[in-house]
Amino acid sequence: MEQLNEYYPRKLSSPSILFSTKDDNYDGFIEQFNLKIALPNTNNDGEDSANNESSKIQAFKLGIFFDYGFSGKVKLFMKSMLLLDVNTYEGLNSLKFIGDLEFNQKNDLFQGSMSKNMYNKDIINNSTSNPFDINEIYLDYLDRNLTNTYKYDYFEKYLLSDDEEKSIEVEVNIPYQQKVRYTPTYLYTMKEAW
C-alpha cells in the first residue's frame with residue numbers, strides 16, 4: 001500500500017476482500033462469481049473515523065482480472081478484465097452491482113481444435129508504462145480483438161449511515177452460451193457442402 005500511496009494525494013487504507021464462485025450444476029464451469037469489498041471508515045490521514053465526510057464512498061474504480069475461456073468448435077483461453085468506474089455526488093454507504101459477463105470480438109476467430117492463446121498472458125506486464133494507472137491499462141485492453149464487458153442489470157445504493165463499514169458488492173453471472181463468430185476450416189466447409 002505504501003507504493004500505491006505515493007501515486008495518490010490521500011492515504012489509502014487496506015480493505016477486506018471476500019471472493020466466491022458458484023457452480024450450481026457441478027459441471028466444472030463457474031456460473032457466477034461474487035466479490036465483496038469492505039472499506040473501513042478513515043479520514044484523510046488514514047485514521048479510523050466513524051462519522052467523517054471523507055469516509056463516504058464518493059468515487060471508485062475497480063479493476064477485476066480473471067481467466068476466461070470456452071471450447072467447442074473454437075477453443076479459447078485468455079486473460080481478461082472488467083472495470084467499474086463510479087462517481088457519485090452524494091456520500092454512499094454501500095454499492096451493489098448485479099449483471100452478466102459478455103464476450104466481445106472485433107474480428108472472426110478461426111475454427112480448429114488448437115486452442116487460441118494469443119491473449120493468454122498477463123494484462124499488466126513489463127510493457128505497461130504505469131502499472132497503477134487503471135485507465136491506461138483498460139484502454140490498452142480494449143484495443144484487443146477479444147474482450148469481456150460487464151452489463152449490469154441494476155445498481156443499488158444506500159445512503160450514508162453511521163455503520164463502521166462501507167461495502168462494494170459485485171455479482172457477475174456468466175451465461176452458459178456466448179455468441180462467437182468464427183471462420184470454418186476448409187475441410188469443414190467442404191464436408192458441410194458435400
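In this predicted model, Tyr-152 is partly exposed: its relative accessible area is 42%, a value that falls between the 20% limit for buried residues and the 50% limit for exposed ones. Its aromatic partner, Tyr-150, is buried, with a relative accessible area of 12%.

The rings of Tyr-150 and Tyr-152 form an aromatic pair, with 6.1 Å from centre to centre and 50° between the planes. The pair counts as tilted because an angle of 50° is neither under 30 degrees, as stacking requires, nor over 60, as an edge-to-face arrangement requires. Both tyrosines also belong to one aromatic cluster, in which they are joined by Phe-60 and Phe-97.

A search of the whole structure finds nine aromatic pairs. Another of these is formed by Phe-70 and Phe-103, whose ring centres are 5.2 Å apart. Their planes meet at 85°, so this pair is edge-to-face. The two residues come from distant parts of the chain: Phe-70 lies in strand 3, which covers residues 57–70, and Phe-103 lies in strand 4, which covers residues 74–105. Although 33 residues separate them along the chain, the pair links these parts. Phe-70 is buried, with a relative accessible area of 17%, and Phe-103 is likewise buried, at 8%. Both residues are classed as buried because their values, 17% and 8%, are under 20%.

An aromatic ring may also have a charged group over its face, as the last example shows. Arg-144 lies over the face of Tyr-119, at 4.3 Å from the ring centre.

Conventions:
Residues are numbered from 1 along each chain as its sequence is written. This is a predicted model: local features need pLDDT of at least 70, side-chain atom pairs count only at pLDDT 80 or more; totals for chains, interfaces and linings use all residues. Side-chain values use heavy atoms; hydrogens and water are left out. Rings of Phe, Tyr and Trp (its six-membered ring) pair if their centres lie within 6.5 Å; planes under 30 degrees apart count as stacked, over 60 as edge-to-face and the rest as tilted. Helices (H or I, at least four residues) and strands (E, at least two) are DSSP runs, numbered from the N terminus. Buried means under 20% relative accessible area, exposed over 50%, partly exposed in between (1.4 Å probe, protein chains only). A charge sits over a ring if NZ of Lys or CZ of Arg is within 6 Å of the ring centre and within 35 degrees of the ring normal.
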